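Subject: Structure for your attention

Dear colleague,

Please find below the sequence and structure that I should like to hand over to you. My notes on what was found follow directly after it.

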Amino acid sequence: MKSISIKNNQQISFDSIPVLEYDQFLDYNTSLLHIEDNHCVNYYGIPQQGNVQLICCIANDKNGLINISSAVVTLPAILESFSQYHFAFEKFEREIHENFGIHFINHPWLKPVRYPVNQSDKNNTISNYPFFKIESEELHEVGVGPIHAGIIEPGHFRFICNGEQILHLEIQLGYQHRGIENLFLQKKKLIELHTLAENISGDAVVGHTTAFVNLWETLCNQETGADLHFARTLALEIERVAIHTGDLSGMCTDVGYQLGSAVFGRLRTPVINFFQQWCGNRMAKSLIRAGKTNFPFTADLGVTLINVLDKFEPDFDDMCNETFGSPTVMGRFEKTGLVSNEIGKSIGLVGMAARMTNLNRDIRTSHSYNLYETLAHQPILKHHGDVYSRAQIRREEVKQSLAYIRQLIASIPSENLSRKSLPQPSANVFALSLVEGWRGEICHCAVTNDTGDLLHYKIKDPSFHNWLALALAVRNNEISDFPISNKSFDLSYSGHDL
Amino acid sequence: MISLLLIVLTSLFFMGIVVRTKSIASGRKGPGLFQPMKDVIRLWKKGAVYSKTTSFIFQIAPSIYFASIIMAILVIPFGQYKGIVSFDGDFVFFAYVLALGKFFSIIGALDTGSSFEGMGASREALYSMLAEPAFFILMGSFALYTGHTSFHEIFVSLHFGSYISYGLGTLATFVLVMIAMIENSRMPVDDPKTHLELTMVHEVMILDNSGFDLGLILYGTNLKFAMYGALIANFFTGSFSILISILIFLAVQIMFAITVGILESFSARFRMGNNAQFIFTLTSISILIFFGVLLIMGKFV
């Protein structure tokens, strides 16, 4: 047996993961990716006294199973790369190279990813990043950042331009690295782990926290209560509505369309403010907790939420018609920042960015969790892969999420008052949790040790794959169209840097 | 003299009206009419910070830019009243004294050595160059029509013309409004509100300017708007008594400001690559005016 197949949020004994020879491991996983339904959700290494156990998780979107296989390599190692057979492994191998110093032969470029404190090569610093260079009299370089013009998050973008046209964009991240994965191992209290999960990416608090609590309950082997499933699903959809609307506002701002920018901005506020009424803050922090809830969703809250949505929806529809009917806006959205289906497949796009290239990848359908099974979610697909497709997906997903919220609220489960307290996680197990955040697939993997404490914790934000799509999308575009392309992906810096 | 006073007066509240219109159009309250001017005064009270990579060019550029605008305003008449300076061919002087100011603001931007500012400077130079033929064909047509070559005489003669001259005046107004939008780097060519260096034209050129210099540049924009407004108003005032002329002048300025606000509220900025084409259409409208003039004068056989 070359791999073990598990479902989303299923616990297995860590020893039951087959350990393959590296050659076999490489053959098996790269051949899996030749089938279109498969994609790599995580590929990482766990350090073990001088060795590294590589774990590769390939999800099959058809049958809802995730194939886990592993290989143990002795350091220092020089290995054949996965990337030469399938480009989707490129970023994962760079990360493994950075963390453990494993050298991959035939990898296109083992550039630094995020400069972690415990990286293998300490000389690797943010100031000596190996930027791609083209020697030419005609071309010029434009460097943007690391301080973002709108002071959101830091990241450095370096363009090589021919006049106004972008030939190449290099994205250097890592400025936000906080060592979250290591903190997960150092912190022992559950409340601390929750706080860490909430701070992985400030705009996807519900997504990451849900991934964490689903995983933790799986590790503890505890059934999730119906009311908890309900609250998590509802919060995820509210977050999706709020952030998508905010992004539409941001996209209007970036093309200088004042009306859309102001109105979508105003519409987002009451939706995100609903979290304030529910759990006391707008970011939905402290809302989601493993094995319990501090803020049960009451019928009164349901009425408030319906009122918010009833006011939101007609204005949202109007403003969408106005925006998508405006020739000047469409002139900027259409055919800007194209990503083709082939590129999307080859770099392993996930989430909204995958769906805009007609790539059917949605964890809510393929590996459903919480209440998504009952919602029978159908992903929204677009074909063009341009900024307009990304805007349309946001518009339609907002509408879809609104319908889900209404459907969910129709039957609010009563709070489980006789909840069992959460046991310790099982010893020596592996578990994996996938959640479709508004941006895309969030993957958390955990391994526990003999005493049931965390031995290893791995987080993968959708931004990890998708940043490369932005770099490819802006090629041959005007440099002045970069901001709108960037906003249309709206990727996370902190989620990538961890 | 009177035109200078009126233009300075208008410049105090012009941007205020633009900003207020935009606020109201997007359902907000908006700041007071004099807020943009208060911001300028706040900047004037500050000292400037100069980057070590810049030379004296960067320091003198804002002053020369501002002075060029004042110089240009001097030749603008008010109805029957001459501007402070008036001579044959003063509209050529007007265009090129503004170009001189622009030249200095461009080399000032290049002086910083920043890759953004070079980009902004190249865009600004391109757009000004494309807008120039529109202005000269427009003024040349009126010079041909009236037989005069100074602003004052052209406008005075126009007022005693037929109703067709008002028709031409309307077309000319459109061209001048759009030239004013381009020269001041407003929508739909440039988005003055953006925070994104890569999409800016004018704003990116002044990224390194601070304090007093920045105040001068910002107030220069207000003055420039009021100056183009005054040019437009000149098509419609003149044969009336001075009081009515002043009222018409103020009404034209306020309408101009509201138009700018509305133009900026309901459209997105054009794709940078399409701007050149758009600006060039202004030239074709100017040519239309030129043919109109030829028709009136019976130059077509």
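Leaving aside residues up to four places away in sequence, A:S69 touches A:K2, A:S3, A:P18, A:L20, A:F25, A:Y28, A:N29 and A:C56. Please note that the model is a predicted one. A:S69 itself sits in strand β6 of chain A, which covers residues 66-74. Is A:S69 buried or exposed? Because 22 other C-beta atoms lie within 10 Å, and 20 or more are required, A:S69 counts as buried. One further distance may help you to find your way here: A:L54 is 15 residues from A:S69 along the chain, and their C-alpha atoms are separated by 8.3 Å.

After strand β6 comes a loop that leads to β7 (78-80) of chain A, and A:P76 is located in this loop. The peptide bond that runs from A:L75 to A:P76 is cis, and its omega is near -10°.

Two other loop residues of chain A deserve your attention for their backbone angles. The first topic is A:N221, in the loop between α5 and α6 (226-254) of chain A. A:N221 is not a glycine, and its phi is positive, near 60°. A:N221 has 13 C-beta neighbours inside 10 Å and therefore counts as partly exposed, since that class lies between the limit of 12 or fewer for exposed and 20 or more for buried.

The second topic is A:A284, which belongs to the loop between α7 (258-279) and α8 (299-324) of chain A. A:A284 also has a positive phi although it is a residue other than glycine, with a value near 65°. As for its surroundings, A:A284 is buried, because 26 other C-beta atoms are found within 10 Å.

I turn now to a pair of helices in chain A. Helix α4 (residues 190-198) and helix α5 (residues 205-220) of chain A pack with their axes 8 Å apart, at an angle of about 140°. The residues that make this contact are A:L193, A:H194, A:A197 and A:E198 on α4(A), together with A:V205, A:H208, A:T209 and A:F212 on α5(A). A general point about helices helps in reading such a list. An α-helix has 3.6 residues a turn, so residues three or four places apart point the same way. How should the angle be described? An angle over 145 degrees would be needed for roughly antiparallel, so α4(A) and α5(A) are oblique to each other. The crossing of α4(A) past α5(A) is right-handed.

Chain A as a whole contains 17 helices and 14 strands. For its 498 residues, a compact globule would have a radius of gyration near 23 Å; the value for chain A is 22 Å, so the two agree. Along the principal axes, the C-alpha atoms of chain A fill a box of roughly 70 × 60 × 35 Å. Of the residues of chain A, 51% count as buried. Among its contacts between residues at least 6 apart in sequence, 67% join residues at least 24 apart.

Chain B is built from 11 helices and has zero strands. What radius of gyration would a compact globule of 301 residues have? The expected value is near 19 Å, and chain B has 19 Å, which means that the two agree. The C-alpha trace of chain B spans about 60 × 40 × 40 Å along its principal axes. In chain B, 50% of the 301 residues count as buried. Of the contacts in chain B with a separation of 6 or more, 75% are between residues 24 or more positions apart.

One helix of chain B offers a useful check. Helix α9 (residues 211-234) of chain B has 24 residues, so at 1.5 Å a residue it should span 34 Å; the C-alpha atoms at its ends are 35 Å apart, which agrees. α9(B) is mostly covered, as 22 of its 24 residues are buried.

Finally, I come to the place where the two chains meet. There, 27 residues of chain B are in contact with 26 residues of chain A. On the side of chain B that touches chain A, the elements that give two or more residues are α1 (2-25), α5 (115-146), α10 (242-265) and α11 (272-296) of chain B. Which of these elements gives the most to that side? It is α5(B), with three residues.

Yours sincerely,
A colleague

Terms used. Residues are numbered from 1 along each chain as its sequence is written. Chains are lettered from A and ligands numbered from 1 in the order in which they are written. This is a predicted model: local features need pLDDT of at least 70, side-chain atom pairs count only at pLDDT 80 or more; totals for chains, interfaces and linings use all residues. Helices (H or I, at least four residues) and strands (E, at least two) are DSSP runs, numbered from the N terminus. The radius of gyration is taken over C-alpha atoms; the globule rule is 2.2 Å times the number of residues to the power 0.38. Two residues are in contact if their C-beta atoms, placed from the backbone, lie within 7 Å. The expected span of a helix is 1.5 Å times one less than its number of residues. Axes are lines fitted to C-alpha atoms, for helices over the stretch in contact, and angles run from 0 to 180 degrees between N-to-C directions. Angles under 35 degrees count as roughly parallel, over 145 as roughly antiparallel, 65 to 115 as roughly perpendicular and the rest as oblique. A crossing is left-handed if the near helix is turned anticlockwise from the far one by less than a right angle, and right-handed if clockwise.
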